[in-house]
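Good morning, and thank you for coming. Please take a moment to look at the sequence and the structure before I begin.

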Amino acid sequence: MRPVYLDNNATTRVDPVVVESMLPFFTEHFGNASSMHAFGSAVGGAVKAARQQIQSLLGAEFDHEVIFTSGGTESDNAAILSALETQSGRDEIVTSMVEHPAILSLCEHLERTRGVRVHRIPVDSRGCLDIDAYRRALSGRTAIATVMWANNETGTLFPVETLAELAHEAGALFHTDAVQAVGKIPMTLAETDIDMLSLSGHKLHGPKGVGALYVRRGIRFRPFVRGGHQERGRRAGTENVPAIVGLGKAAELAALSMNDEVTRVKALRDRLEAGILQSVGSCFVTGDADNRLPNTTNVAFECIEGEGILLMLNKEGIAASSGSACTSGSLEPSHVLRAMNIPYTAAHGAIRFSFSRENGPEDVDRVLDVLPGVIANLRAMSPFWQGDGQPPTAFNPTYA
């Protein structure tokens with residue numbers, strides 16, 4: 001039985017071409033990129049090349065606007081903390097209610113320990129940001145507005161270019177967590193007001209433990225990791241050269257496959273979605289169906305637990321997710337679905353299927369062969385399922 005991997009928003013398989021590009025930097029080109037001798041200069045050139053590959057993918061103006069980090073979480077933290085340090089007299093953050101925990105956990109910590117005021121902007125039932133509420137939250141006290149480019153659970157896209165313009169009108173910086181969006185949709189940062197952007201290697205067929213923070217030229221920046229002079233003094237620590245090289249190669253491959261992502265991969269996602277809605281009753285797609293990532297669908301199934309669906313799919317060799325991998329283990333529906341006021345009966349049964357360029361039509365066929373039976377079996381065991389497609393009203397609260 002061929003395994004089916006449809007959890008690419010959690011992580012992707014490292015492309016063999018990426019692995020091949022990394023291998024020489026473990027043994028052959030092992031020098032320190034900061035060293036003056038030939039061993040170091042050769043490695044330093046590879047780091048610069050990787051920086052340029054990421055610059056090209058992002059559509060940034062200069063390669064030195066790219067700072068290498070350990071991943072998206074570090075990049076998010078570095079952006080927010082730097083803004084608070086460099087924006088004198090500004091001690092407020094504006095963000096959304098559906099951000100990744102890398103943003104929300106830090107904001108909660110800053111509220112509790114530093115007295116920073118955080119404005120969490122609500123979303124509607126499609127996961128779209130309340131732009132009027134966002135505009136009202138911005139003020140002369142705002143140090144930074146940070147809103148994700150694409151939601152990791154539903155795939156809903158946010159109008160980050162407009163949000164950046166509004167932040168600038170208030171004199172604030174704008175950052176976007178683009179971990180899910182980079183490599184899936186075209187970007188030209190040089191033509192936007194976006195000041196900082198976070199990305200992570202393992203979301204685009206690169207290695208884990210490496211990412212980058214884009215910082216637009218001219219933006220004052222305070223390092224999150226202090227020590228040596230690496231990364232122009234903006235991120236200390238000896239460069240993880242094999243991972244950086246791998247991230248650069250992954251960025252190059254992502255740029256080459258962008259058209260495939262928005263056409264063939266999207267078609268696979270749409271066929272799976274249509275097949276599920278046709279063959280399984282009492283389910284619906286969450287998020288903004290008209291404005292989302294091309295690889296992501298999140299389907300909510302009434303009156304069953306998502307964990308049960310995942311376990312039964314796993315037995316059939318199919319990998320999916322009940323939401324963000326960073327929140328697995330929680331008995332509560334995800335904060336994203338709660339913010340969208342998805343009914344309790346459906347929020348518990350929400351499953352995310354996320355594709356990559358490595359998926360094919362046979363993966364869709366396999367899921368459509370298995371999933372209807374899985375749902376039917378679980379509903380037959382559910383005390384809340386009446387059999388007529390209507391859940392009991394007593395078990396149908398929504399989240400305010």
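Which aspartate forms a salt bridge with arginine 271? The partner is aspartate 365, and the closest N and O atoms lie 3.1 Å apart. I should say at once that this is a predicted model. Arginine 271 belongs to helix α9, residues 258-279, and aspartate 365 to helix α13, residues 361-381, so the pair links distant parts of the chain, 94 residues apart. Both ends are partly exposed: arginine 271 has 36% relative accessibility, and aspartate 365 has a relative accessible area of 37%. Elsewhere, Arg2, Glu362 and Asp363 are joined into one network by salt bridges that share partners.

As a general point, side chains of opposite charge can pair when their charged atoms come close. The whole structure holds 24 salt bridges, and I shall describe two others. Arginine 117 meets glutamate 92 at 4.0 Å, N to O. This pair connects strand β4, where arginine 117 sits, with strand β3, where glutamate 92 sits, across 25 residues. Glutamate 92 is buried, at a relative accessible area of 8%.

Arginine 216 pairs with aspartate 195, with the closest N and O atoms 2.4 Å apart. Arginine 216 lies in the loop between β8 and α8, and aspartate 195 in the loop between β6 and β7. Is each partner buried or partly exposed? Arginine 216 is partly exposed, at 25%, while aspartate 195 is buried, at 0%.

I turn now to the interior. The largest nonpolar core has 71 residues, and those touching the most other members are Leu58, Tyr134, Trp149, Phe174, Met187 and Leu197. Helix α8, residues 241-256, supplies the largest share of this core, 9 residues. Apart from it lies another core of 26 residues, including Leu272, Cys283, Val299 and Val364. Leucine 58, leaving aside neighbours within four places in sequence, is in contact with several residues, among them Val182, Met187 and Tyr214.

Next comes an open sheet of 3 strands, ordered β9-β10-β12 with antiparallel pairing. Its edge strands, β9 and β12, each pair on one side only. Strand β10 is joined to β12 by 5 bridges, and threonine 296 stands opposite serine 354 in β12.

Finally, why does the count come to 0 disulfides? A disulfide is a covalent bond between the sulfur atoms of two cysteines. The sulfur of cysteine 283 has its closest cysteine sulfur in cysteine 303, 12 Å away, which is too far for a bond. Cysteine 283 is buried at 13%, and cysteine 303 is buried at 4%.

Key. Residues numbered from 1 in each chain as written. Predicted model: local features only at pLDDT ≥ 70, side-chain atom pairs only at ≥ 80, totals over all residues. Heavy atoms only, no water. Disulfide = S-S within 2.5 Å. Buried < 20%, exposed > 50% of the residue type's maximum accessible area, 1.4 Å probe, protein only. Core = buried A, V, L, I, M, F, W, Y, C linked by side-chain atoms within 4.5 Å. Helix = DSSP H or I, 4+ residues; strand = E, 2+ residues; numbered from the N terminus. Contact = heavy atoms within 4.5 Å. Pairing = 2+ DSSP bridges. Salt bridge = Lys/Arg side-chain N within 4 Å of Asp/Glu carboxyl O.
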